[in-house]
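Open the model in your viewer and keep the sequence panel beside it. The stops below say what to select and what is there.

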Amino acid sequence: MRTLNLNSFKKSALILTMAATVLLGACTKEKVNVPKEKTIADIVIGDSNFSLLKSALVKADLATVLGGAGTFTVFAPNNEAFIAAGLDTEAKINALPVQTLKNILLYHVLGQKVVSSAIATASNTPVPTLAEKNVFITKSSTGVFVNGAKVIQADVNASNGVIHVVNTVLMPPSGNIVETAQGNPNFTYLVAAIVRANLAGTLSGAGPFTVFAPTNQAFITAGFPTIAAIQAADPTVLASILTYHVVGSRVFSSDLSEGLKPTTVNGGMVTITLTGGAKVKGNKNSTASAITQANLVTTNGVIHVIDQVLLR
């Protein structure tokens, strides 16, 4: 029978113990070196394409919120979006009242994680935001859109939610269609026409409506040189003109397609073209009107600014 060498056994045991210690140490070291998943705030702060959004979050004291506990979806405007909105410097962002800026930013945030694959294929689904106002999300074969703005990069995952990058700053509604028009100096002629045509009550109602809204210059070009001229016009004639500019549903720019002929609330149709920029044409207009600003969201619909009065 072979005799067990105790010293040899002890040496083998010591070697095994040391090896196990080294392996465990390596495993422990590996765990320590695993990078912690970044929060939404971390991602924004660390990405130069979000430098203006970072400034806005800091000014509105929301960086801590989006860097903390909770689950969020953020439609994150990149620098291009802020520049297009006229907020192209940190100084301009800091000049906004804190509450105004906070309301704008919270309008980009959902209180749950929604990845793009979880969004139903549908048009303008209302979804509540942390600003307590709805955004309208569309998913189609051409992508995901929020209030007509396209998501240009989806599903940037974070430890506390997900980011979808947009190139538009989403502005929360400040009132219904009439209230929004009253607050815009480019629509003083339009407001006078709405009042004269006795349509203020209708366009302040539940809707939803889409209004192709002519600017003051558009009314002047159409033969209404002054507001007094509008106030002297036949209310029935004005009502016929204005209702040709209204569609009885919510239509964002993402819903427009080449050759689309939406029916207006007075029964006529207008024609949409997209070549060279979105345009809308009335039956008796010799040229199409450019949509110079799209997707002004109101509590009861959406406004698209146009540079001609549409003629049926």
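## First stop: β6 and β7

Select V151 and V166: V166, in β7, is the bridge partner of V151. This is a predicted model, and the strands here are read from its coordinates. Now extend the selection to the whole of β6 and to β7 (residues 161–166), which pair in the antiparallel sense over 5 bridges. The two strands form a hairpin, with 2 residues between them.

## Back along the chain to β5

Select residues 143–146, which are strand β5, together with residues 149–158, which are β6. These two strands are antiparallel and pair over 2 bridges. Show V146 and A149: V146 stands opposite A149 in β6. Then pick N147, in the hairpin of β5 and β6, where the strands have 2 residues between them. N147 takes a positive phi near 50°.

## β3 and β4

Next select residues 125–128 for β3 and residues 134–140 for β4; 4 bridges join them, and they run antiparallel. P128 has N134, in β4, as its bridge partner. The hairpin of these strands has 5 residues between them, and E132 in that hairpin takes a positive phi near 65°.

## The whole seven-stranded sheet

Which strands lie beside which in the sheet of 7 strands? Colour them in the order β2-β1-β7-β6-β5-β4-β3; the sheet is open and its pairing is mixed. β2 (109–110) and β3 are the edge strands, and because each has a single partner strand, one side of each is left without a neighbour in the sheet.

## A helix pair: α3 and α6

Hide the strands and select residues 51–59 for helix α3 and residues 98–106 for helix α6. The helices pack at an angle of about 125°, and their axes are 9 Å apart. At that angle, α3 is oblique to α6. The crossing of the two helices is left-handed.

Which residues of α3 and α6 meet? Show side chains for L53, A56, L57 and K59 in α3, and for V98, L101 and L105 in α6. Of the residues in this contact, 6 are nonpolar, none is polar and 1 is charged.

## The six-stranded sheet

Move on to the open sheet of 6 strands and colour it in the order β9-β8-β13-β12-β11-β10; here too the pairing is mixed. At the edges are β9 (246–247) and β10 (271–273), each with a single partner strand, so one side of each has no neighbour in the sheet.

Within this sheet, select β8 (residues 209–214) and β13 (residues 301–306). Do they run parallel or antiparallel, and how many bridges join them? The strands β8 and β13 run parallel, and 6 bridges join them. For one position to look at, show V211, which stands opposite I303 in β13.

## Last stop: confidence

Colour the chain by pLDDT. The average for the chain is 91, and 89% of the residues score at least 70. Select residues 9–24: pLDDT stays under 50 there, and the model has 0 contacts beyond four places in sequence for this stretch. Then select residues 26–30, where pLDDT also stays under 50 and the model again has 0 contacts beyond four places in sequence.

Methods
Residues numbered from 1 in each chain as written. Predicted model: local features only at pLDDT ≥ 70, side-chain atom pairs only at ≥ 80, totals over all residues. Heavy atoms only, no water. pLDDT = per-residue confidence, 0-100. Contact = heavy atoms within 4.5 Å. Pairing = 2+ DSSP bridges. Axes fitted to C-alpha atoms, helices over the stretch in contact; angles between N-to-C directions. Parallel < 35°, antiparallel > 145°, perpendicular 65-115°, else oblique. Left-handed = near helix turned anticlockwise from the far one by under 90°. Nonpolar A, V, L, I, M, F, W, Y, C, P; charged D, E, K, R; others polar.
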